[in-house]
Amino acid sequence: MAMVRQTRQRAAVVEVLQASRAHPDAATIHAAVRERLPSVSLGTVYRTLDALVRDGVVVTLERAGQATRYDWRADEAHPHAVCRSCGAIFDVDATALPDVSSAKLPAGFRVTDMHLEFMGVCEDCQTQTAQTLTTQPLNSST
């Protein structure tokens with residue numbers, strides 16, 4: 001595995017990814033890197049992310065209609081919980097999940113990758129929805 005040539009810009013991208021558990025998209029990474037290096041371009045961020053994905057250091061999380069998100073924990077296969085309301089992606093501790101290696105697959109089927117996602121609504125969105133419901137006046141039909 002060829003490692004990405006280290007530059008200040010690339011080091012900053014890596015630092016942002018390592019510090020984040022929010023699975024940021026390229027625009028978010030770019031904004032965070034620009035706080036340290038104002039002249040870094042979005043193109044540099046994309047090229048760095050592409051190289052990190054190619055090297056297997058970072059994995060992409062892709063959802064239809066949304067920007068690609070990036071996960072630094074490529075070396076630790078783990079499931080995610082995805083909020084259907086706000087789109088937040090959370091890491092899930094895989095140690096509590098059943099072993100799926102004994103799954104009955106079609107004859108001759110070769111697994112090349114596996115993704116497990118739990119879909120739902122995060123605590124923040126549930127709280128926000130509950131507050132909205134309790135502060136709205138009830139429609140009374142008289």
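**Contacts, salt bridges and cover in a predicted chain**

Me: What makes the pair formed by the side chain of Thr-44 and the side chain of Ser-41 a polar contact?

Reply: The two side chains come to 3.0 Å, and a polar contact is a pair of N or O atoms within 3.5 Å, where within protein one atom must be able to donate a hydrogen and the other to accept it, and where residues adjacent in sequence count only if both atoms are side-chain atoms. The value of 3.0 Å lies within that limit, so the pair of Thr-44 and Ser-41 is called a polar contact. Residues are numbered from 1 along each chain as its sequence is written, and side-chain values use heavy atoms, with hydrogens and water left out. Please keep in mind that this is a predicted model, in which local features need pLDDT of at least 70 and side-chain atom pairs count only at pLDDT 80 or more, while totals for chains, interfaces and linings use all residues.

Me: With which other side chain does the side chain of Thr-44 make a polar contact, and where is Thr-44 found?

Reply: The side chain of Thr-44 also makes a polar contact with the side chain of Arg-47, at 3.3 Å. Thr-44 itself belongs to helix α3, which covers residues 42–54; helices are DSSP runs of H or I with at least four residues, strands are runs of E with at least two, and both are numbered from the N terminus.

Me: How many helices and strands does the chain come to, and how do the elements run?

Reply: The chain has four helices and five strands. Starting at the N terminus, the elements follow the order α-α-α-β-β-β-β-β-α.

Me: Why is the pair of Arg-36 and Glu-15 called a salt bridge?

Reply: The N to O distance between their side chains is 2.5 Å, and a salt bridge is a side-chain nitrogen of Lys or Arg within 4 Å of a carboxyl oxygen of Asp or Glu, so Arg-36 and Glu-15 satisfy the rule. Arg-36 lies in helix α2 (residues 26–36) and Glu-15 in helix α1 (residues 8–19), so the pair ties together parts that are 21 residues apart in sequence.

Me: How many salt bridges does the rule give, and which residue forms one with Glu-117?

Reply: The count comes to two salt bridges. Glu-117 forms one with Arg-63, and their closest N and O atoms are 2.7 Å apart. This pair links distant parts of the chain, as Glu-117 stands in strand β5 (residues 117–120) and Arg-63 in the loop between β1 (59–61) and β2 (69–71), 54 residues apart.

Me: How do you know whether Arg-36, Glu-15, Glu-117 and Arg-63 are buried or exposed?

Reply: We set each relative accessible area against the cut-offs, where buried means under 20%, exposed means over 50%, and partly exposed lies in between, with a 1.4 Å probe and protein chains only. Arg-36 has 44%, Glu-15 has 41%, Glu-117 has 35% and Arg-63 has 24%. Each of these values falls in between, so Arg-36, Glu-15, Glu-117 and Arg-63 count as partly exposed.

Me: What share of the 142 residues counts as buried, and why does Ser-20 belong where it does on this scale?

Reply: Of the 142 residues, 30% count as buried. Ser-20 has a relative accessibility of 19%, which is under 20%, so Ser-20 counts as buried. Ser-20 is found in the loop between α1 and α2, and its side chain reaches the backbone nitrogen of Ala-22 at 3.0 Å.

Me: What makes phi of His-23 worth a note, and is His-23 buried or exposed?

Reply: Phi of His-23 is near 55 degrees, a positive value in a residue other than glycine. Most residues other than glycine have a negative phi. His-23 lies in the loop between α1 and α2, and with a relative accessible area of 2%, which is under 20%, His-23 is buried.

Me: Where is the place of Asp-50, and how far apart are Asp-50 and Thr-60 in sequence and in space?

Reply: Asp-50 sits in helix α3, and its relative accessibility of 41% makes Asp-50 partly exposed. Asp-50 and Thr-60 are ten residues apart in sequence and 9.6 Å apart in space, taken from C-alpha to C-alpha.
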